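Reader: I am new to protein structures. Could you take one part of this one and walk me through it closely?

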Amino acid sequence: MDTSNPAVFVNAELLRMYVGRRVRAVIQVLRSDAGSVIGKSTDEQQLVIKGRPLGPLSTFVEVIGIADTNQSIQAETWTNFGDALDTSCYNNVCQLANGDFKHLFI
C-alpha cells in the first residue's frame, strides 16, 4: 500500500479545508454532464466531480482526487459503492478522520 500521498476522508463541509490536496469523498450520483458528475455528499451538500469515469456508475461512488475548490474535486479514481449506503455512517467516519482520531487514519 502506497502511503506517500494519502487521501483525506472528506464530506462537502470538510472539503474547503483541503483545497489543492488529495481527498476522498463518497457521493450519491445525481446526474452526469459533459466531463463532470454532480452528486450529493454524505452531509447532504452538492459537489461537482470533474473528469470522466471509466464505466457506468452505481448510485453511490467513492472519488479520490484533488480538491479544486470548496465544492469540486478533480477525480483520479472512481469506485462504485453500490446502490445502497448508510451515508450517516460514512459521514461519521469523515468527522472522526478529521477530529480527535485523525492519527488513526493515513
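**A close look at strand β5**

Author: Start with how covered this strand is. Of the ten residues in β5, seven are buried, so the strand is mostly covered when buried means under 20% relative accessible area. Keep in mind that this is a predicted model.

Now look at the partners. β5 pairs with β2, and the two run antiparallel. Seven bridges join them. One place to find this pairing is Gln 28, which stands opposite Phe 60 in β5.

β5 also pairs with β6. Here eight bridges join the strands, again in an antiparallel run. Two residues sit between β5 and β6, and the strands form a hairpin. Trace two positions across it. Ile 66 has Gln 74 of β6 as its bridge partner. Glu 62 stands opposite Thr 79 in β6.

β6 has a further partner. Three bridges join it to β4, and these two strands run parallel. There, Val 48 stands opposite Ser 72 in β6.

Stay with Glu 62 for a moment. Is this residue buried or exposed? Its relative accessibility is 8%, so Glu 62 counts as buried. Glu 62 also forms a salt bridge with Arg 24, with the closest N and O atoms 3.2 Å apart. Glu 62 belongs to β5 and Arg 24 to β2, so the pair ties together parts that are 38 residues apart in sequence. Arg 24 has a relative accessibility of 22%, so it counts as partly exposed.

The structure holds four salt bridges. Another of them links Arg 22 and Glu 76, whose closest N and O atoms are 3.0 Å apart. Arg 22 lies in β2 and Glu 76 in β6, so this pair ties together parts 54 residues apart in sequence. Arg 22 is partly exposed because its relative accessibility is 22%. Glu 76 is partly exposed too, because its value is 44%.

A third example is Glu 44 with Lys 40, where the closest N and O atoms are 3.4 Å apart. Glu 44 counts as exposed because its relative accessibility is 53%. Lys 40 has a relative accessible area of 27%, so it is partly exposed.

Next, the nonpolar core. In soluble globular proteins, nonpolar side chains tend to be buried together. The largest nonpolar core here has 21 residues. Val 63 is among those with the most contacts inside it, and so are Val 10, Leu 15, Val 23, Ile 49, Ile 73 and Trp 78. β5 supplies at least two residues of this core, as do α1, β2, β4, β6 and α2. The largest share comes from β2, with four residues.

Which residues does Trp 78 touch, leaving aside its neighbours within four places in sequence? The contacts include Val 61, Glu 62 and Val 63. Trp 78 is also in contact with Val 37, Ile 49, Lys 50, Gly 51, Arg 52, Pro 53 and Leu 57. Glu 62 therefore appears here as a contact of Trp 78, and its 8% relative accessibility makes it buried.

Finish at the surface. Leu 96, Phe 101 and Leu 104 make a nonpolar surface patch of about 300 Å². Leu 96 is found in helix α2. Its relative accessibility is 39%, so Leu 96 counts as partly exposed. Compare that with β5, where seven of ten residues are buried.

Conventions. Residues are numbered from 1 along each chain as its sequence is written. This is a predicted model: local features need pLDDT of at least 70, side-chain atom pairs count only at pLDDT 80 or more; totals for chains, interfaces and linings use all residues. Side-chain values use heavy atoms; hydrogens and water are left out. A nonpolar core is a set of buried Ala, Val, Leu, Ile, Met, Phe, Trp, Tyr and Cys residues joined through side-chain atoms within 4.5 Å. Buried means under 20% relative accessible area, exposed over 50%, partly exposed in between (1.4 Å probe, protein chains only). Contact means heavy atoms within 4.5 Å. Patches are made of residues with over 30% relative accessible area and no salt bridge: like charges are joined within 9 Å, nonpolar side chains (Val, Leu, Ile, Met, Phe, Trp, Tyr) within 5 Å. Accessible areas come from the Shrake-Rupley method with a 1.4 Å probe; for residues, only the protein chains shown count as cover. A salt bridge is a side-chain nitrogen of Lys or Arg within 4 Å of a carboxyl oxygen of Asp or Glu. Two strands pair if DSSP finds at least two bridges between them.
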